[in-house]
2 protein chains.
Amino acid sequence: MGSKIKVLFEPIGLRVEAAPGETILDTAIRGGVGIRSECGGTQACGKCIIQVRDQRGLAAATLKESKLLGERIHSSYRLACSAMFQAEADHVTVVIPPESVVRQRQFVELGSEHRVILEPALMKLNVEIPPPNISDKLTDAERLLKSIRHVQENPEIKLDFNILAELPKTIRSKAITALIWDNDRVISVEEMDNNNNFYGLAIDIGTSRITCSLIDLISGVRLTYISVENPQIAYGEDILTRVSYSQADADNGRHLQQTIIAGINELLKKACREVNVSPTRIFEAVVVGNTVMHHLALGLETKYLAKSPFTPVTSESIQVRAAELGLKINPNAVVYFIPIIDAFVGSDAVADIISSGFYRRGEPALLLDIGTNTEVVLRDKNGLTCCSCASGPAFEGVHIEHGIKAVEGAIDSVHIGAGGFDVKYSVLGNVKPVGLCGSAIIDVVAELFSRNLIDRFGKFNVNIQTPRIIRSNGVKKFVLVNSKESGTGTDIVVSERDINEVMLAKAAIYTGCSILMHRKGITQKDLKKIIISGGFGKNLNRRNVRIIGLIPNLPSSKISYIGNAAHAGAEAGVRSRKVLHLADKIAQETEYIELAACKEFTEEFTAALVLPHKKLELFENINLKNQKYSKN
Amino acid sequence: MGSKIKVLFEPIGLRVEAAPGETILDTAIRGGVGIRSECGGTQACGKCIIQVRDQRGLAAATLKESKLLGERIHSSYRLACSAMFQAEADHVTVVIPPESVVRQRQFVELGSEHRVILEPALMKLNVEIPPPNISDKLTDAERLLKSIRHVQENPEIKLDFNILAELPKTIRSKAITALIWDNDRVISVEEMDNNNNFYGLAIDIGTSRITCSLIDLISGVRLTYISVENPQIAYGEDILTRVSYSQADADNGRHLQQTIIAGINELLKKACREVNVSPTRIFEAVVVGNTVMHHLALGLETKYLAKSPFTPVTSESIQVRAAELGLKINPNAVVYFIPIIDAFVGSDAVADIISSGFYRRGEPALLLDIGTNTEVVLRDKNGLTCCSCASGPAFEGVHIEHGIKAVEGAIDSVHIGAGGFDVKYSVLGNVKPVGLCGSAIIDVVAELFSRNLIDRFGKFNVNIQTPRIIRSNGVKKFVLVNSKESGTGTDIVVSERDINEVMLAKAAIYTGCSILMHRKGITQKDLKKIIISGGFGKNLNRRNVRIIGLIPNLPSSKISYIGNAAHAGAEAGVRSRKVLHLADKIAQETEYIELAACKEFTEEFTAALVLPHKKLELFENINLKNQKYSKN
């Protein structure tokens, strides 16, 4: 393996080894990575365009390739069918832009919909306006307001300055339609046309993925829901790298903002094309995201989010005109950023709280949004308390040798038979497996543990012999899928190192739950419900989640998985102004606990670093298959 | 005179005759028009650049000229020293751009200052802000607001979104200065520096001239007051031509807006350079102007201002961010447009009412702002009533054969001796006379009338013989200055046609006064004061104003001239937030009467079309020199 080159395909996060002389396309095909190539790799179609920032491991571009690439060659683009690995290459990262990806299908659920009464902040009002006459000396603005006030409750309602330019023309039509934002101000007027529709956008800016749905504001129906990699990924996969990048140069912050806005513009253009809607008919966008994404999208400084005492610029809800933000919908549209809670608990968590219905008073319960940072919210009789756990991206398939996201080709559930010989798994999509997504990673650890193949510390049991446990490069690994069955042509394995990543992640999350409960005097017995959201694919095994001690040990029936709840919360905001007001209330009233400042953190974290937990009494009722707990 | 070419030099409005073969510079020098020419007309310096939109009367540009003009040749620019009149030329209009004008000095007074207590809407507040710490989880925005609310009365005070981008950096300085607009919102924060100054701009956008003054907001002192021709003049000297231009093409309105904003930017740059102030230190601009200028500057449609029922888009005060308007001062600065009253009574009239103190309750009085449209405001015990009179531009020297504006070289007062032989006059600046400005035009008509040289209809008295009355091209003219004394080398005359223009103008203005008084039951005897503002130069003769019947016949001691009162009102707005609030109240409460809709208009206007007025009893107490009123 000495001369093998380690190639990482982003954004799916798949690792494949390559040999010198191979092209990137060769390697991708062998690894089961779907790159478009309509000409069959003959440098003719130019569709297999990919990006390699550090090209030292690649031979120079051919003349044919250069011609097909044009200007893009200066932005580190190459053609996968032409770019060839050189002998001296070591690690190469290949970024596949969305337009070159064959497998776009995602298997993340959109959060279970918490029903809201359709009452968008954006209200449509048809009014007939008498023409001006010499004895009635009202200005155009006054005549419009008079007609609106006649049928609308708020006497203080105002006109946005930006509608004045078109007002004189519009107001002289027979009847007009005014769009009123939150009963407070008129953001648009147009000639009345009963065929006109009005749309709203719900946007969730995730660190790795942006989701977007288009909602008909008259019927409340979602017309389409699509997503795209966050294009900021080119400046760092994780948040901290992007924060550092934004500090490195005075213009970088603005550049990251432009990148994210451009990404959203591409996405919404696609959504609009798909359902044949003009972007100028979109008059409202509700945006959620973690605090760093929120700040970057608004062009706010992120420097102080990343260092103690972790101070956001602002936490209140923010309204910006679409034109000012550069969003290519109606220029007068309101872009509404749901408020954040703190530096590590963003508006995505507020949206989770909304769409899960967690804001309602009820029995003690936990809400978790599992990602690179995992937000945990505890509900007790006094209200909501939250914290953020630095869980790392293991459950998103990152830092896991064969981890990938919940895309086509991902193994999403695993069952290991007694003795560790018989492995069953399911794959997303009708293809050969190429890696494991989060739910499968949890399954593997839980199954290895319950079959006694690993001990409480995540180390392989030396007393058990199975050909599936191999040693490679000095690290023990469990072979889940052998090279003949896999889509990559190599074994798909889970190593002790991977298991260790999972242990760190689950310990971080459990610690968050545990400290919140402890601080509020809630025991595991008091807890009546746990709701999990995140990008796991639909097959999250609720029993295995308990076996590895990721969350407090409640019966499976009391654990529910609700998919992308943050996006669903943004949609609820588009559908209801009351939800937007509720979001302000939630953000203000949710107490935040900074785990880093908690004295008990180290002790709690250490206790959670074994399977399922140091305090075995909390996990006694789980019926493990072969596992004999070693008291330690 | 058959082959003479009639040349009109704009913007000063001077008419000079030229011969074929002469250059524009020759004609200008002969006519006393100051055009820069540093090389002495040898096509070397390129300083004598002028604009001729219709060049059919001119020979084509020479090679030398084309080179010196460069790109500008495509925008109808020429060099005055090179552009030669052709034999077939008839009428040629030459526009002298500000940079080519030698005589820039204006003699219009800045309105008498109505003293206000210094309390600008823009308040400076120095606050020390404790650094963030882990146990005090406030966002930057919350910490700033907390510190401000600690010392400031309004608990609802808000932050402008646009200050958030810089806030994290600034708030970590030892102490900061916040700029608060009208006790309501924070528009800027910066590191505290006691040497920092803050400035405000007062701007009056006149149809023909823009004035601008720079005010130190800490001391209230005016640092400089300068003015420039309104660059929109290239699209029509009068308002209606510009309104038509703005309708002719979809982009024209925007183009006129850009032109006016560019003009203001040039002007403020000059003002700042003059007193060494950085434009970014200007955080406030208060703008007044007539309604068309107000609408054009804000990019609002002017179409419906010009046709019945003459409807403005909006009349309320408007605040725009400087960056949004394109004004090159601090991007976060507030540009505050004082409210207008109606389509023909703009915010300049509101500013007049402010700076004259006319808004105060008091004895019945009239306030006139004389221009192309003359605004008349009547005060009685119930408040203010106003109207607009289509007086035409005669008092600004337009449509008067030798009329010019109140610039250097303008005759500004005239005295005619008995018999019409002896004429005395004064000239603005230490130069030979080149024309008459408004105050002299009034003097001439009043003197001719009181010396019995013209009758009550403005016709020359056939019974009086004086060599000063000549006949040229079939029109009778009075020679005020003969060709030897004049700066133009030709006689400076006043024709019967000119007198007729004055009669129309004064009748329009008197009719406005008269109808307002009639409607409110105020007689000439009730009236205790008349205040006149406008661009007349300082020597307005209050007795002659009465002799021609321009205004009701009050003793001169009760008539006062206050110069450019509108600009002074804008300055008062910069100095005091109470003035801005007062302006809203004035605009709302001043009643507007549409003269065109008044049944008595024709009768009143006809009665005012004789000297001094048909109802002689109203003017009996004026002691005329030789005039014998012919009862008619």
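**View 1. Helices α9 and α14 of chain B cross at roughly 115 degrees.** The model is predicted. The axes of α9(B), residues 347–355, and α14(B), residues 577–589, come within 10 Å. The crossing of α9(B) past α14(B) is right-handed. From α9(B), the contact draws on B:Val350, B:Ile353 and B:Ile354. From α14(B), B:Val579, B:Leu582, B:Ala583, B:Ile586 and B:Ala587 take part. Eight residues of this contact are nonpolar. No polar and no charged residues contribute.

**View 2. Chains A and B meet in a contact that takes 31 residues from each of them.** On the side of chain A that touches chain B, three elements give two or more residues: α3 (140–151), α4 (167–170) and β14 (318–321). The largest share comes from α4(A), with three residues. By class, this side of chain A has 17 nonpolar residues. Seven polar and seven charged residues complete the set.

**View 3. A two-fold axis relates chain A to chain B.** A rotation of 180 degrees superposes chain A on chain B, with an RMSD of 0.2 Å. The shift along the axis is 0.0 Å. Among the residues of chain A, A:Glu324 comes closest to the rotation axis. Its C-alpha lies at 4.8 Å.

**View 4. The two copies meet through the same surface.** Of the interface residues of chain A, 100% are also interface residues in chain B, so the copies use the same surface to meet.

Terms used:
Residues numbered from 1 in each chain as written. Chains lettered and ligands numbered in written order. Predicted model: local features only at pLDDT ≥ 70, side-chain atom pairs only at ≥ 80, totals over all residues. Axes fitted to C-alpha atoms, helices over the stretch in contact; angles between N-to-C directions. Helix = DSSP H or I, 4+ residues; strand = E, 2+ residues; numbered from the N terminus. Left-handed = near helix turned anticlockwise from the far one by under 90°. Contact = placed C-beta atoms within 7 Å. Nonpolar A, V, L, I, M, F, W, Y, C, P; charged D, E, K, R; others polar. Least-squares fit on C-alpha atoms with pLDDT ≥ 70 in both.
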